[in-house]
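Please read the following points alongside the model. They are meant as a colleague's notes, to be checked residue by residue.

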Amino acid sequence: MRQDTAATARPMGFWMALALVMGSMIGSGVFLLPASLAPLGWNSVIGWAITVSGALCVASVFGALSKALPKAGGPYAYTKAAFGDGAGFAIAWAYWISMWVGNAAIATAAVSYLSQLFPVVGTHGVSAAVTISIVWAFTLINIRGTKLAGQVQVIWTIAKLLPLIAVIGLAAYVLAIQGTGVVRSFDLTDISAASISTATILTLWAMLGLELATVPADKVQDPERTINRATLFGTAGAGGIYILVCSAVVLMLPVAITSASAAPFADFVSIYAGTNAGTAIAAIGAISALGALNGWIMCQAELPAALARDGLFPAFMGKAATNGTPRNAHLFSTSLLTLVILMNSSRTMASMFEFLILLTTAIVLVMYFGCAAAAFRLIQTGILKVSAGFKLILLLAAIYSCWTIYGAGSEALVWGIALLLAGFPVFWLLRIARGSKAAT
């Protein structure tokens, strides 16, 4: 009986947590990245190696923090424990905004892929309606229960991994039959620090989401162990697939074809398998984006619910349905997400996607650095007990975070800081409101 109760209260086991990490990371970006990386050649492979290595350092930090503080809210819980309510709220406030803004970007990408299958979906007005319908459908799935949402995430993650693995298998088959002559030759003179840095920044968007298993920590079974494993294995698994599949397309197709392609994976399969794979790739892209959207929608409600339970967000956001899901937080967050979609419906899908990506990336980069700083602080206070080797990993994670913030450019940094600062007036207003209620 006790085990059944625990399973109901914490429905997310290791595989669901792993699917949340990998499914949220492997979204729409990977299908378009080869076109941007093609001119960089072997520099892109080195860039991927740096990005995945840096992401694994950051993932290790989140894993260690989740062991020491297995609390809901993830980044919020860690920065609050290290620096107090104000810092925790600022990080959570900005990260929450980046979630529902980023979800608008992911949903937009999904509809963009769907428009390749059903052209009417891409027409003005219809695209916004379809996008809004999709986000509300996933919201209702999450309101029905974390277990159902987790099961959907597992199924969707498998669905998106199979075609990527198939592309890797096709590349291996071609290499076995035709030899390495189909691969772009490696020339040391083509390698440059500037090109590697460009590749590193381009590949960063694809790694965002590695921290997501820490957000619904109160829904995860054995969180001290499960979250750490899911975060590390999910980051390593997604990163490994990224390196193989993107490098195959970049290095085995002529740069003129890849850089000008709107669907580089479709071109790769068509050339080497001899079939018209455009429709299939569009379907895969839609599946991939929708799978990522499901996981992010789960977390865009879990984070404000955790703040509300701590008294740092309006109390109604923390109220749960009978099945334990933060229903009010889901409804409120998705309502804001709907407004973002409607406000940007006049933009083209491409320009809207680019703007929303910039805004989301800015916040996540600042959040990564904030969590690295929190880990340093928690080591000093004795809450986080780690080895000397881990301290080196933590230092590398902090350096990587700073470097990517710098590489993302001044516009991203300004947006990140602006959204962080915007949280403080809200924090003080909520604090004054709580004080007034306490006085009465």
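**Notes on the model**

1. Leaving aside its neighbours within four places in sequence, Ile-50 is in contact (heavy atoms within 4.5 Å) with Ile-196, Thr-200, Tyr-400 and Trp-403. The residue belongs to helix H4 (residues 42-68), where helices are DSSP runs of H or I with at least four residues, numbered from the N terminus. Ile-50 counts as partly exposed because its relative accessibility is 30%; on this scale buried means under 20% relative accessible area, exposed over 50%, and partly exposed in between, with a 1.4 Å probe and protein chains only.

2. On the basis for these notes: this is a predicted model, in which local features need pLDDT of at least 70 and side-chain atom pairs count only at pLDDT 80 or more, while totals for chains, interfaces and linings use all residues. Residues are numbered from 1 along each chain as its sequence is written, and side-chain values use heavy atoms, with hydrogens and water left out.

3. The whole structure holds 16 aromatic pairs, a pair being two rings of Phe, Tyr or Trp (its six-membered ring) with centres within 6.5 Å, called stacked if the planes are under 30 degrees apart, edge-to-face if over 60, and tilted for the rest. Phe-14 and Trp-15 make an edge-to-face pair, at 5.1 Å centre to centre and with 70 degrees between the planes. Of these two, Phe-14 is buried at 15% relative accessible area, whereas Trp-15 is exposed at 63%. The rings of Phe-89 and Phe-427 form a tilted pair, because their planes stand at 45 degrees, with the centres 5.4 Å apart. That pair links distant parts of the chain, since Phe-89 lies in helix H6 (residues 85-117) and Phe-427 in helix H17 (residues 410-439), 338 residues apart.

4. Phe-89 and Phe-427 are both buried, and both belong to a cluster linked by ring pairs, which also includes Trp-93, Trp-96, Trp-100, Phe-313, Phe-316, Phe-332 and Trp-428. Phe-14 has a further partner in Arg-229, whose charged end sits over the Phe-14 ring, 4.2 Å from its centre; for this, NZ of Lys or CZ of Arg must be within 6 Å of the ring centre and within 35 degrees of the ring normal.

5. Which face of helix H16 is buried, and what does the opposite face carry? The buried residues are Phe-390, Leu-394, Ala-397, Ala-398, Tyr-400, Ser-401, Thr-404 and Ile-405. They fall within an arc of 160 degrees seen down the axis, so they line one face of the helix, the arc being that of the directions from the helix axis to the C-beta atoms. The face turned away from this buried side carries the exposed residues Ala-388, Leu-392 and Tyr-406. Just after H16, Gly-409 takes a positive phi of about 100 degrees.

6. The largest nonpolar core, a set of buried Ala, Val, Leu, Ile, Met, Phe, Trp, Tyr and Cys residues joined through side-chain atoms within 4.5 Å, has 138 residues, and those with the most contacts inside it include Trp-48, Tyr-95 and Phe-313. Helix H6 gives the most to this core, with 19 residues. Not counting residues up to four places away in sequence, Tyr-95 touches, among others, Pro-75, Glu-211, Trp-296, Leu-303 and Met-367.

Conventions. Helices (H or I, at least four residues) and strands (E, at least two) are DSSP runs, numbered from the N terminus.
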